[in-house]
Amino acid sequence: MIAIVSTLAMILLPAIQTARESSRRAQCASNLRQIGVALHDFHTAHRSLPPGRGGPPPKAFSALAYLLPFLEETSLALQVDYSQAPTLLVISGITYSGAANNGAAIQTVNVFQCPTDVVAGRVPGSTYGGTNYAANSGSGLVNAGSMNQADGVFFTMSNIAFQNLLDGSSHTAAFAERMLGDGAPATTTMPAAQLTVLQLNSGVDVTASNCQSASSGTWYGQRSAKWILGNYGNTVYNHYLAPNAPQWDCMDQTQQKGLMTSRSYHPGGVEVLFCDGSVRFVIDAIDLPLWRGLATRNGGENVEGI
């Protein structure tokens with residue numbers, strides 16, 4: 001009898017786990033749809049989409065921070081002082097404290113959390129509220145993935161309207177998933193799991209060769225730790241690497257250049273929000289030129305079949 005029960009448990013357990021993951025993935029897609037509705041409402045109110053990184057300095061807020069009033073997070077938005085730095089920042093040698101926004105920045109937001117992620121809304125050891133959803137800056141092929149004048153939708157002080165999406169809103173990615181970091185301290189020792197990011201040493205440029213040389217930088221375990229801050233380390237990604245690529249993510253010291261892709265715990269792919277508000281599951285094995293084509297707003301690529 002015990003052997004029969006054990007056998008039944010072994011048969012049923014994978015089915016239960018699959019059902020649970022299916023439910024979690026559905027919730028993740030629902031979160032992205034809510035962000036999509038908020039994007040459209042923001043566009044109606046402002047006639048453009050929010051910037052991927054606000055400005056001028058120190059107003060480096062994320063697109064998610066600007067979407068708060070359109071996500072039924074008005075009370076949290078009222079705690080944000082958009083004229084001040086979102087968090088502690090050093091820009092061009094000038095330090096901004098971020099104290100004015102600390103109360104808002106430390107809060108977690110349910111709609112920013114994928115239930116499949118194992119760390120539940122906050123990078124281990126961080127006091128800040130994190131996010132599993134990042135805004136698409138583009139293909140990563142322009143100026144080493146720079147956030148200045150990128151070829152996607154969300155970048156530094158971007159002001160993209162739907163009429164600027166010449167590739168079509170249904171063929172242009174807006175947001176996608178990203179795993180939260182593991183919170184490990186910066187180290188030169190390669191981590192066992194690729195939950196960290198290679199942050200290049202000062203003066204080392206973001207190139208494919210530098211990014212795949214572990215000696216070029218240190219490992220950064222705070223990926224996506226701050227939903228309020230607009231940069232590659234927290235709320236921006238690009239399509240240079242395939243979804244869940246075996247290569248590690250990489251960025252420069254300022255977190256303004258990077259080769260940072262979409263990653264998730266969902267088996268086989270990632271959930272992606274497109275600019276028309278639709279959410280589609282993109283498989284890891286997607287053709288890389290197609291994946292990069294989905295990132296650009298006016299590249300003219302053939303992206304049929306997605």
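This briefing covers the open and enclosed spaces of the structure and its cysteines. The model is a predicted one, and the values below are computed from it. Its largest pocket holds about 500 Å³ of space, and 25 residues line that pocket. A search of the whole structure finds one cavity of 30 Å³ or more, and the structure holds one disulfide, formed by C211 and C250.

**The largest pocket**

- The space in the largest pocket comes to about 500 Å³, and among the 25 residues of its lining, those closest to the pocket centre are R53, L89, V90, I91 and T254.
- Strand β1, which spans residues 89-91, gives the largest share of this lining, namely three residues.
- By class, the lining of the largest pocket divides into 11 nonpolar residues, 11 polar residues and three charged residues.

**The cavity**

- Where the search of the whole structure is limited to cavities of 30 Å³ or more, one is found, and the largest cavity contains about 50 Å³ of space.
- The lining of the largest cavity is made up of C114, T116, D117, N132, E177, R178, M179, R263, S264, Y265 and H266.
- Sorted by class, these lining residues of the largest cavity comprise three nonpolar, four polar and four charged residues.

**The disulfide**

- C211 and C250 are joined in a disulfide in which the sulfur atoms lie 2.1 Å apart, and the link is left-handed, with -70° about the S-S bond.
- The bond connects distant parts of the chain, since C211 belongs to helix α5 (residues 208-211) and C250 to strand β8 (residues 250-251), with the two positions 39 residues apart in numbering.
- Both partners of this disulfide, C211 and C250, are buried.

**The cysteines C28 and C114**

- C28 takes part in no disulfide, and the nearest cysteine sulfur to it, that of C114, is 3.5 Å away.
- Why is the sulfur of C114 not bonded to the closest cysteine sulfur, in C28? The 3.5 Å between the two sulfur atoms is too far for a bond, because a disulfide is counted only for a pair of cysteine sulfur atoms within 2.5 Å.
- C28 is buried, with a relative accessible area of 0%, and C114 is also buried, with a relative accessible area of 5%.
- C114 links two topics of this briefing, being one of the residues that line the largest cavity and having C28 as the residue with the closest cysteine sulfur.

Technical notes:
Residues numbered from 1 in each chain as written. Predicted model: local features only at pLDDT ≥ 70, side-chain atom pairs only at ≥ 80, totals over all residues. Heavy atoms only, no water. 1 Å grid on protein atoms, 1.4 Å probe; cavity = no way out; pocket = protein on both sides within 12 Å on 5 of 7 lines; lining within 4 Å. Points joined across faces, edges and corners; volume = space filled by probe spheres on them. Helix = DSSP H or I, 4+ residues; strand = E, 2+ residues; numbered from the N terminus. Nonpolar A, V, L, I, M, F, W, Y, C, P; charged D, E, K, R; others polar. Buried < 20%, exposed > 50% of the residue type's maximum accessible area, 1.4 Å probe, protein only.
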